[in-house]
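Reader: I should be grateful for a close look at one part of this model, its enclosed empty space, followed by an account of the strands and helices. How much space lies in the largest cavity?

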Amino acid sequence: MDLASIAEMLAQGLPQAIVSGLVYGSIYALVAQGYYVTFSTTDTLNFAQGDFLMIAAMLSFTVLGGLALSGVSLWLALLAAIAVVVVVLALMGIAVERIAIRPLRGIFSFGWILSTVGVAVILRQMAEIIWGREHMRVPSVFGDVPIRLNLGTVQIGILPQEVFILAASLGAMIAVLFFLKKSRLGKAMAAVAFNAPAAALMGINVRHIVVLSYALSSVLAGLAGVLVAPVLFAHAHMGTLPGLKAFAVGIIGGLGNPVGILVVGLALGIVEFVVAIFNASLRDAVTFLILIAILAWRPMGLFDKSGREKV
Amino acid sequence: MIVNSNDRLRVRRYVLALCLAPIFGASSAGAQGNVSCADAATQGAGGPDITIGVNGGFTGPSASFSQGMKRGIEICTKEYNDAGGYKGRKVEMIYLDDQAKPEVAINNISRFIQRDKVVGILGPVNSGNALAFLPKTEEAETPVIVPIASSVGIVYVDADGKPVANSTAPGAKPRKYTFRTSMQDDFQIETVLAYAKQAGWDAIGIMHDTSGYGSQAKATAQRIIAGQGLKILATETYNVGDTDMTSQLQKMKSAGVKQIINFGLAAELAGLLRSAQKIDYKVQWAGPWGYADPAVGRLAGQELMEGVLAVASFTIDSSPAAADFHQKMLKSFNENPFPMTAALGYDAAKLMLTALAKSGPDQVKLRDAIETLEGFSGVSSIPSRPFSPTRHHSLDSNDMFVATWRNGDLVKAK
């Protein structure tokens, strides 16, 4: 392949790759913020995060589908789905911390890795039993008519739902950042992250903060699930790859830096789609190739200054 | 499912179409007149039931294929038993679900052979499951007719007994006890490429998923294309699980591709249709019978299926016998969402029961009767002499045709 043809391919494919990449990248970033929230407060994270996303997508299929069939407007159905997902996922987050992480932390230090991976497998099988193994279509509130932009020789398209994904996930991430930096609870979480014993001495209930961080982390994955359900088809294995890619985003960006996670998430999304222009079979692999390269060069991640090793 | 409320409307449309069919005259391919499994029944004093095993993926990703197959077999069995069965003895079909998992399929087959003492087996739906259990049925000398699974190596093996990808390769021979009414992959590819050549397609692109199925199909297509002189402008791949393939489609578009022949599974096909719509890329889609799966329309939206081409051996308008069979299905089940699978299941069952009338309930004799069966009529485009000692597939590329989606139904393409 000579340079001229590469340049031509990029000129034609890049605008669409950037648009699609930003949409998928924002989802990886949103899920990865969940890893950040729990890792900063407890040094643990939930490897079932991708499957939490899947459960949320399945729930939104059931709630949206059920309500839409009974004649409720799609908007109301969407709000109901979000409400159900927030409550259920928060409870799931609390349960995972209580059952799969807290009891194992004292026994041996990496037990939580295995137990949360176990939770992921259990969730996937449960979803197969409850919802079956077929792919399911979840309707989008915004319809399926793409918005098209004409840039002279190149045309790009984006689904209204994808615009919503981008806006809602960025909005959610900004809200989380504000919550962590400005609210009393957020500051308490930061204090626990910085020094748990000292925070406890200051009258902060460390246990409550840890539970809160797990609930928040799961709700973020749940929100991602509701957002992507109409674009990805809902099925029991839909969360595996996004969960892993979000983990890569967390590691590359630095699990202690939410802004780094956002930047890396969006960038990796774009890289994926640009790679697909040249060789689509490498699309999923490239994320992990980059991960390995970055780990060799900067084990603490690109944006984390604390110097803690992540793996 | 969310999007399925117009079944009653569809039934009404079918009934209307059937009433109009005699007026306009239906097309002539396939069997003439009505086909019934009652034709295979014989009268007699009766006796204990004869058992046949049916293995399919009734739950799981291939449920829509399996459900259609099962219903086709059910209708055939009922017609047969009501008309007397085998010399007054009833045939009992034992249905076991393999959940599309090879290890479950192997268990089911062992049960059929050891506990149920079946005289023959119908199934499976998934090629991987067939490849997993066939050594067992060959060893037990139990005849199997495969109605759905389409991989070449299920039926054809090389001198060492290894599955082959090309049934015309030198040294390829059929497994002794295995037959198929399903549409073999290499012939499907031949059929769609022959259609492309005959239709004068001049801006063809090939797409395939990176799974074993997709890559194998692409290799077969390349082999056939080389001998055919079709020009391919571009080839692109995608991974199983991908939903946004706009990067690849943009390349196809800028390469000037007007027709895409694609080899992949239902969910990714739906993703491709939606991605093409997103970038406003209007292209003629064609592919093997995966495109006949109603799941694609359910996922992508039925309007995107309009005009999509799929290889077929049965459509509800492919012959008078086909139209009649479709009515039977509607009458018994109130719906017939995937008519081709029902037809292939029906024909597989009818083949086995017709051969049974000649051979009696003896596995080895039944195999021979299947292989030498003549004067057969089915509801798909199956020929009257389906098999021979060197040929264990009933449908050649000449028996397959290209069908198109129109107003929610798969019909013969012009």
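Author: A cavity is a set of points on a 1 Å grid over the protein atoms alone where a 1.4 Å probe fits but cannot get out, and its lining residues have an atom within 4 Å of a point. Grid points are joined across faces, edges and corners, and the volume is the space filled by probe spheres set on them. The model is predicted, so local features need pLDDT of at least 70 and side-chain atom pairs pLDDT 80 or more, while totals for chains, interfaces and linings use all residues. Residues are numbered from 1 along each chain as written, chains are lettered from A and ligands numbered from 1 in written order, and side-chain values use heavy atoms, without hydrogens and water.

Searched as a whole, the structure contains four cavities of 30 Å³ or more. The largest of them holds about 80 Å³ of space. Its lining draws on chain A through A:Tyr24, A:Leu159, A:Glu162 and A:Val231, and on chain B through B:Thr243, B:Asp244, B:Gly271, B:Arg274, B:Ser275 and B:Lys278. Helix H8 (residues 266-278) of chain B supplies the largest share of this lining, four residues; helices (H or I, at least four residues) and strands (E, at least two) are DSSP runs, numbered from the N terminus. By class, the lining divides into three nonpolar, three polar and four charged residues; Ala, Val, Leu, Ile, Met, Phe, Trp, Tyr, Cys and Pro count as nonpolar, Asp, Glu, Lys and Arg as charged, and the others, Gly among them, as polar.

Chain B also contains an open sheet of seven strands with mixed pairing, in the order E9-E8-E10-E11-E12-E13-E14; two strands pair if DSSP finds at least two bridges between them. Strand E9 (232-238) and strand E14 (409-412) of chain B each have a single partner strand, so one side of each is left without a neighbour in the sheet. From one strand to the next, the twist averages 30°, with axes fitted to C-alpha atoms, for helices over the stretch in contact, and angles from 0 to 180 degrees between N-to-C directions.

Within this sheet, strand E12 (residues 309-312) of chain B runs parallel to strand E11 (residues 284-287) of chain B, to which two bridges join it. B:Gly287 has B:Ala310 as its bridge partner in E12(B). With strand E13 (residues 401-406) of chain B, E12(B) runs antiparallel, joined by four bridges. In that pairing, B:Leu309 has B:Thr404 as its bridge partner in E13(B). B:Leu309 and B:Val311 point one way from E12(B), B:Ala310 and B:Ala312 point the other way, and all are buried; buried means under 20% relative accessible area (1.4 Å probe, protein chains only). Helix H7 (residues 246-254) of chain B lies across strand E8 (204-209), E9, strand E10 (259-263) and E11 of chain B, at about 180° to E9(B); contact means heavy atoms within 4.5 Å.

Another open sheet of chain B has five strands in parallel pairing, ordered E2-E1-E3-E4-E7. Its edge strands, E2 (91-97) and E7 (178-180) of chain B, each pair on one side only. The twist averages 25° from one strand to the next here. Two bridges join strand E3 (residues 120-122) of chain B to strand E4 (residues 144-146) of chain B, and the two run parallel. B:Ile121 stands opposite B:Val144 in E4(B). Helix H3 (residues 102-114) of chain B lies across strand E1 (50-56), E2 and E3 of chain B and runs at about 155° to E2(B).

In chain A, strand E1 (residues 147-151) and strand E2 (residues 154-158) run antiparallel and are joined by five bridges. A:Leu151 stands opposite A:Val154 in E2(A). The hairpin of E1(A) and E2(A) has two residues between the strands, and A:Gly152 takes a positive phi near 70° there.

Two residues of chain A illustrate its helices. A:Thr41, in helix H1 (residues 3-42) of chain A, counts as buried because its relative accessibility is 9%. Leaving aside residues up to four places away in sequence, A:Thr41 touches A:Met189, A:Val192, A:Ala193, A:Ile209 and A:Ser213. A:Thr41 and A:Val210 lie 169 residues apart in sequence, with 6.5 Å between their C-alpha atoms. A:Ala188 belongs to helix H6 (residues 184-194) of chain A and, at 12% relative accessibility, counts as buried. With the same sequence exclusion, up to four places away, A:Ala188 touches A:Ile204 and A:Ile209.

Notes. 1 Å grid on protein atoms, 1.4 Å probe; cavity = no way out; pocket = protein on both sides within 12 Å on 5 of 7 lines; lining within 4 Å. Buried < 20%, exposed > 50% of the residue type's maximum accessible area, 1.4 Å probe, protein only.
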